[in-house]
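Could you walk me through this structure, one selection at a time? I have it open in my viewer and would like to know where to click and what to look for.

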2 protein chains.
Amino acid sequence: MNFQIIENGGITSPAGYLAGAVYAGVKSRKSYKPDVAILLSEKPDTSCAALFTTNRFCAAPVILGREIVKNGHVRGAVINSGNANAGTGEAGLKAARDVEAYAEDLLGLAPGELIVSSTGVIGETLPTEKVKDAVRRIVPALSKDGGGAAAWAIMTTDRMRKEYACTLELSGGQVKVGCMAKGSGMIHPNMATTLCFLTTDAAIEPALLHRLLANACEDSFHMLTVDGDTSTNDTLMMFANGASGVSVREPEDIRDFACLLEQILADMAARIAADGEGAKRLLTVEARGLKTRQEARRIAMAVAGSTLVKAALGHGRLYEALILSAAGNVESDAVFSKAECRIEVASLKAKIVLDFHGGDGSARAFGCDLTEEYIHLNGDYRS
Amino acid sequence: MNFQIIENGGITSPAGYLAGAVYAGVKSRKSYKPDVAILLSEKPDTSCAALFTTNRFCAAPVILGREIVKNGHVRGAVINSGNANAGTGEAGLKAARDVEAYAEDLLGLAPGELIVSSTGVIGETLPTEKVKDAVRRIVPALSKDGGGAAAWAIMTTDRMRKEYACTLELSGGQVKVGCMAKGSGMIHPNMATTLCFLTTDAAIEPALLHRLLANACEDSFHMLTVDGDTSTNDTLMMFANGASGVSVREPEDIRDFACLLEQILADMAARIAADGEGAKRLLTVEARGLKTRQEARRIAMAVAGSTLVKAALGHGRLYEALILSAAGNVESDAVFSKAECRIEVASLKAKIVLDFHGGDGSARAFGCDLTEEYIHLNGDYRS
């Protein structure tokens with residue numbers, strides 16, 4: 001696989017994408033950080049695939065988004081932070097439809113060509129007029145340089161902006177892939193995103209795009225845990241507009257593209273975990289030597305998600321018996337007397353390798369430590 | 001059911017039980033709190049039933065205890081706090097056997113008549129000589145008044161002693177039931193105890209005793225969560241020595257006894273949750289109106305165990321959408337648009353009633369809030 005990172009790249013690095021963001025004051029507590037963003041593909045025939053939260057109490061934009069993405073062709077997204085439009089019932093659905101229709105109208109798009117996405121406080125009414133006013137201001141200012149502002153706008157309690165872009169050489173020529181994500185609290189499979197948007201100027205059929213996205217999630221976003229809860233709004237979405245003139249169709253191209261996508265999502269998952277609410281350290285847990293990959297996945301997640309392990313790591317005090325005890329929560333065929341445990345704790349990350357020497361099953365999970373600050377953030381998140 | 005609480009009662013309230021405890025210094029950090037206890041039935045033919053942790057990385061005393069309890073007749077237990085004898089391999093098993101044999105010898109019992117039980121730090125060698133020396137000092141001092149000291153000795157980070165005793169009128173006359181428990185961190189089904197010991201002077205066959213104990217657990221200890229992890233040492237054990245001369249054999253007696261046992265264990269589960277590490281509030285979650293009891297159990301546990309719900313409660317800021325979002329983590333047939341949520345937060349407890357108006361399935365779970373102190377305690381627990 002031949003790829004190259006684009007420094008300071010993001011979702012508008014691939015050809016044919018525009019973005020923009022402004023401050024709308026969605027959240028009552030003023031921050032003046034941009035909180036509404038638009039991502040738009042200039043190509044009419046843009047493929048789109050998306051994965052949404054499995055939480056049964058999903059938010060209005062998720063209910064709406066699931067419908068829209070079904071046809072496989074979507075032109076872009078209107079995204080706001082500060083209010084998740086979750087737990088808002090029929091009024092929330094109406095608000096999301098209202099924002100969608102307003103933006104589609106301004107952009108000259110047909111109904112069902114935009115997805116609305118929200119993140120932030122749940123259970124409160126979306127200030128629709130504020131969001132629409134922001135949309136009105138963003139549309140004329142959409143640009144090739146807007147990716148960074150959009151990545152900033154979707155952040156909530158994230159401390160770091162999460163963007164990525166690279167080039168990839170395929171048999172038909174070069175394509176580009178861009179990404180932005182926001183994470184922080186409420187992160188757990190399946191889905192483990194909060195929000196993540198990917199763009200590419202390759203041409204990819206919607207069904208293939210969906211398969212590539214779902215596969216790439218398996219070892220990244222689905223192996224990520226910050227606090228054990230899925231969110232009402234988790235959305236992972238990818239656009240492929242074909243603006244490069246290069247298609248992903250040949251087996252080796254598909255393989256390379258799949259491999260790149262896995263790397264990008266694993267990198268994003270690690271960055272989201274490292275930036276977990278109140279977290280000081282990224283925790284990577286590798287479970288090895290198990291009978292099956294499924295068993296390894298469950299054990300890696302149990303250790304990465306253990307409140308005790310995370311609290312101990314918060315004070316830099318991981319020890320073997322605690323880790324084995326967390327792994328012991330999983331019903332498995334693992335022989336604990338054969339287990340070997342390696343722990344590496346550095347100032348910003350920790351790695352646990354747990355080898356049961358009993359097979360080829362292995363998996364890696366991403367998590368973070370649990371600190372007093374997490375409690376502060378979540379106790380006071382609403383105020 | 002005709003029963004009466006015995007004020008200040010405990011495990012030695014029923015006839016024919018002795019207990020005692022001393023300070024042995026099991027944990028290196030000095031506390032001078034008793035940390036080794038013995039509970040003994042004076043009757044040779046005492047029935048015993050026990051449930052142990054499901055954690056695969058279980059401690060040496062659990063491995064040993066499972067074997068011993070199989071024959072259904074055990075005379076008592078040697079219990080230490082401060083060191084769990086977990087993750088200690090063959091040496092740990094040998095240490096537990098050594099303590100058992102030493103105590104049996106001093107008490108004039110046959111091999112396999114005592115169970116050893118441990119709680120505390122995991123992954124460290126049990127200071128066997130200290131424990132044996134404590135046993136030597138306790139044996140001559142065993143008494144009818146020793147229940148309180150034993151309940152104190154088994155505490156680790158518990159802030160409150162957890163004891164209970166009552167009388168129960170059966171068709172053949174009055175019997176007594178006593179209980180002591182310790183909880184705090186690492187509490188989750190199945191098992192959710194850390195340690196709990198029950199005594200009765202009723203005569204109950206071992207198989208029936210086991211059934212009664214397992215049933216009583218279903219809606220109490222198995223619906224209890226403090227931090228989502230099972231422990232390596234969880235043990236729930238009941239002795240029935242027949243010293244009252246009254247048997248539990250008739251259907252109505254069995255029903256009454258079962259009902260009382262459920263009440264005692266639900267009360268203990270609530271007390272353990274309320275005294276969860278760093279917890280300020282007991283959280284009770286009732287899930288109602290679901291298709292099945294199993295669905296209600298999973299939803300009640302998901303809400304009681306949600307880190308987000310618990311952190312919000314730590315700041316007294318529970319709100320409906322957060323609770324529904326936690327419930328939404330469970331795969332269920334619940335219709336969220338029909339959900340009704342009642343929240344009562346008082347200074348020492350909080351109650352959530354979540355009604356989906358979709359059936360007769362209901363369940364109750366016990367949990368607690370998550371505070372900054374939990375992190376302190378678990379980050380520093382070992383030092």
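Here is a tour with a few stops in chain B and a few in chain A. Before you start, keep in mind that this is a predicted model.

**Stop 1: a sheet in chain B**

Select the strands of chain B and look for an open sheet of 6 strands. Which order do the strands follow? Going across, you meet β1-β7-β8-β9-β10-β4, and the pairing is mixed. Now colour β1 (3-5) and β4 (47-52) of chain B: these two stand at the edges with a single partner strand each, so one side of each has no neighbour in the sheet. Neighbouring strands here are turned against each other by 15 degrees on average, with direction ignored.

Zoom in on two strands from this sheet. Residues 195-200 of chain B are β9 and residues 235-240 are β10; they pair in the parallel sense over 6 bridges. To find your place, show B:L198 and look across to B:M238 in β10(B), which stands opposite.

If you are new to sheets, here is what holds such pairs together: strands pair through backbone hydrogen bonds, either parallel or antiparallel.

**Stop 2: helices on the sheet**

Keep the sheet visible and add residues 251-274 of chain B. This is helix α6, which packs on the sheet and touches β1, β7 (162-170), β8 (173-182) and β9 of chain B. The direction of α6(B) makes about 165 degrees with that of β7(B).

Next, add residues 206-218 of chain B, which form helix α5. This helix lies across β4 and β10 of chain B, and runs at about 35 degrees to β4(B).

Now hide the strands and look at the two helices together. How do α5(B) and α6(B) cross? Their axes come within 8 Å and cross at roughly 45 degrees, which makes α5(B) oblique to α6(B). The crossing of these two helices is right-handed. To see the contact, show the side chains of B:L212, B:N215, B:A216 and B:C217 from α5(B), together with B:F257, B:A258, B:L261, B:E262 and B:L265 from α6(B). Sorted by class, the contact between α5(B) and α6(B) has 7 nonpolar, 1 polar and 1 charged residues.

**Stop 3: a strand with two faces**

Stay in chain B and select residues 349-355, strand β13. Which side chains of β13(B) are buried? B:A350, B:I352 and B:L354 point to one face and are buried, while B:K349, B:K351, B:V353 and B:D355 point to the other face and are not.

Add the partners of this strand. Strand β11 (residues 282-290) of chain B pairs with β13(B) in the parallel sense over 7 bridges, and B:L282 stands opposite B:K349. Strand β12 (residues 340-345) of chain B pairs with β13(B) in the antiparallel sense over 6 bridges. One pair to pick out here is B:E344 with its bridge partner B:K351. Follow the chain from β12(B) to β13(B) and you trace a hairpin with 3 residues in between.

**Stop 4: a covered helix**

Select residues 307-314 of chain B. How many residues of helix α8(B) are buried? The helix is mostly covered, with 8 of its 8 residues buried. Among them are B:T307, B:K310 and B:G314. Just beyond, click on B:G316, which follows α8(B) and has a positive phi, near 65 degrees.

**Stop 5: two helices in chain A**

Move to chain A and select helix α8 (residues 307-314) and helix α9 (residues 320-327). They pack at an angle of about 155 degrees, with their axes 9 Å apart, which makes α8(A) roughly antiparallel to α9(A). Their crossing is left-handed. Show A:L308, A:V309 and A:A312 of α8(A), then A:L322, A:I323 and A:A326 of α9(A), to see what makes the contact. By class, this contact has 6 nonpolar, no polar and no charged residues.

**Stop 6: a covered strand in chain A**

Finish with residues 235-240 of chain A, strand β10, where 6 of 6 residues are buried. A:T235, A:M237 and A:F239 point one way, while A:L236, A:M238 and A:A240 point the other way.

Now show what lies beside β10(A). Strand β4 (residues 47-52) of chain A pairs with β10(A) in the antiparallel sense over 6 bridges, with A:A49 and A:M238 as bridge partners. Strand β9 (residues 195-200) of chain A runs parallel to β10(A) and is joined to it by 6 bridges; there, A:C196 has A:L236 as its bridge partner.

Key
Residues are numbered from 1 along each chain as its sequence is written. Chains are lettered from A and ligands numbered from 1 in the order in which they are written. This is a predicted model: local features need pLDDT of at least 70, side-chain atom pairs count only at pLDDT 80 or more; totals for chains, interfaces and linings use all residues. Two strands pair if DSSP finds at least two bridges between them. Helices (H or I, at least four residues) and strands (E, at least two) are DSSP runs, numbered from the N terminus. Axes are lines fitted to C-alpha atoms, for helices over the stretch in contact, and angles run from 0 to 180 degrees between N-to-C directions. Two residues are in contact if their C-beta atoms, placed from the backbone, lie within 7 Å. Angles under 35 degrees count as roughly parallel, over 145 as roughly antiparallel, 65 to 115 as roughly perpendicular and the rest as oblique. A crossing is left-handed if the near helix is turned anticlockwise from the far one by less than a right angle, and right-handed if clockwise. Ala, Val, Leu, Ile, Met, Phe, Trp, Tyr, Cys and Pro count as nonpolar, Asp, Glu, Lys and Arg as charged, and the others, Gly among them, as polar. A residue is buried if 20 or more other C-beta atoms lie within 10 Å of its own, exposed if 12 or fewer, and partly exposed in between; C-beta atoms are placed from the backbone.
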